[in-house]
Amino acid sequence: MIKRENAANKISGKNKLIVFYGVIFVLLFFLCLLFPYTGDDWAWGSQIGLERLNEWFDNYSGRYFGNLIVLALTRSNLLKAFTMSFCLTGIIVILNKLTGEQKNGVFIISSVLVFMPVTLLRQAIVWTSGFANYTTSIFLTLIYIYYVNHIYSEDKPKNSWLAVLPLAVLGFANTLIVEHLTLYNVLLALYVIVFTLIKFKKLYIQYVAYFAGTVAGTALMFSNSVYHSVSEGDDSYRTMGKIIDFATIIEEGFINNCVLNIFLIGVCTVIYFMLKNKFTKKSKRFGAIAISVMIAFAASSLLLKLSGVKPLEILTIVVCIATVIYIIAFMVFLFALPLDMEKKFKLFFIFGSVGCMIAPLFVVTPIGSRCFFAPYVMMLYLGMEFYTLFDESLKKRCDRISKVTIIAALVGLVYLFCIYGTIFVCNNKRVEKAQLDARSGLETIQIEELPYKDYVWCADLEKKVWQERFKLFYDIEETVKIEQIKSAQRW
């Protein structure tokens, strides 16, 4: 009787989760419908995008799969909204499944994603060109991470010939979207092969297939002539190995993540005090020092962002050093934790993944906020993995605050609906007015800037290149001149 009740509760819980996922998908779908096309979206959705395709992106980029995605998404707002909501919901689902589908897990994950830095939101999700590369790549990568998650259990994997072709295709696709995730996927594939070879003393065909797919995809990507131009210094936009942009990497990769930092430090602090009696005397001391450093970093980064003050160059150096100390402290904390080796390996894998995703950004320019979406997702995964370590009594206490996380996620989502709803209405009005003015024979048309400019990327029309692409995308005569004016309303 008790077993039947437990089974019924499990089924009921799974049904609730499916409903939650469905609601999240629908809400995200309607939100994504509001995102405007901006910047390079205008190029991809016009003749320029077709010309790039006709040349098979030669001397443009080796992001063949990512380029095909953005070509499709810039031609249908419905397809764009569906794809965005599917990938974002997929990330939430996979992270929740990877971390044991904790009772409050889906709401915590959703809240941390809703409150991601605005700079990250506008470039990696709202901007279609950014989404097509930076969000799709981590979503597809998480699919493989979820597939191999069982390697940390005691159950020995089996060779799966049925999985060979799908995994080879997945590995191939994952390496044709964005460069730093290309390199990460090769390392991920190698890690899985080596880990299972050492642990189970066996080579598994499906993991080898994924690795073969990543190698083939990487070879195809970097065969594009653009990378030769970049390495030779002949590319006017991109460089390699010349300037290390420490300030941007530190700010975008760590300092800006206020909500994520608070969540990470919170779960780590709880774990430290929960397990303090299991630490050795030496590891307890190191753990205490590490936690203190991590709390100080989270607090100072929050104060830095709330103040809104741009630090002087000397303070930027101090912030960079503090971040390095924070990273070292995090590693020390992981080493000090009194956990079994399987669990430690998994935690180090996730933490190491963040480093592997960020490392390539040290040798290329330019880099933007969008480059840090994948590390952000992996750090959220790390935080949720720590959350699984809570004992049952702690989890029950956390369940009491489930309403708080639901409310937080909903408030954040309502806020975004208000912001992007306003942008959507204003963007439609300015496009309609621009098209009408051009058809009426005006040589110069005036276009108002969009409201809430911090929430959109490359929406201004001050630069000639954006004006030309705007006209192509919205079918406005090339000879018409554009003058951007301030909005009559204050936002």
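Start by selecting residues 64-73 and 128-147 in this predicted model. These are helices α4 and α8, which pack with their axes 9 Å apart and at an angle of about 125 degrees. That angle makes α4 oblique to α8. Turn the view to look through one helix at the other, and you have a right-handed crossing of α4 past α8.

Now show the side chains where the two helices touch. On the α4 side, pick Phe65, Gly66, Asn67, Ile69, Val70 and Leu73. Their partners in α8 are Thr128, Ser129, Phe131, Ala132, Asn133, Thr136 and Leu140. Colour this set by residue type: seven are nonpolar, six are polar and none is charged. While you're here, a handy reminder: an α-helix has 3.6 residues a turn, so residues three or four places apart point the same way.

Next, jump to residues 373-387, which is helix α18. Is α18 enclosed or open to the outside? Count its buried residues and you get 15 of 15, so the rest of the structure largely encloses this helix. Then try a quick length check: put a distance label between the C-alpha atoms at its two ends and you should read 21 Å. At 1.5 Å a residue, the expected span for the 15 residues is also 21 Å, so the two agree.

Last stop: select Arg469, in helix α21 (residues 464-473). Is this arginine buried or exposed? Arg469 has a relative accessible area of 17%, and under 20% counts as buried, so it is buried. To see what surrounds Arg469, set aside neighbours within four places in sequence and show its remaining contacts: Asp40, Trp42, Ala43, Ile48 and Arg52.

Technical notes: Residues numbered from 1 in each chain as written. Predicted model: local features only at pLDDT ≥ 70, side-chain atom pairs only at ≥ 80, totals over all residues. Heavy atoms only, no water. Helix = DSSP H or I, 4+ residues; strand = E, 2+ residues; numbered from the N terminus. Expected span 1.5 Å × (residues − 1). Buried < 20%, exposed > 50% of the residue type's maximum accessible area, 1.4 Å probe, protein only. Axes fitted to C-alpha atoms, helices over the stretch in contact; angles between N-to-C directions. Parallel < 35°, antiparallel > 145°, perpendicular 65-115°, else oblique. Left-handed = near helix turned anticlockwise from the far one by under 90°. Contact = heavy atoms within 4.5 Å. Nonpolar A, V, L, I, M, F, W, Y, C, P; charged D, E, K, R; others polar.
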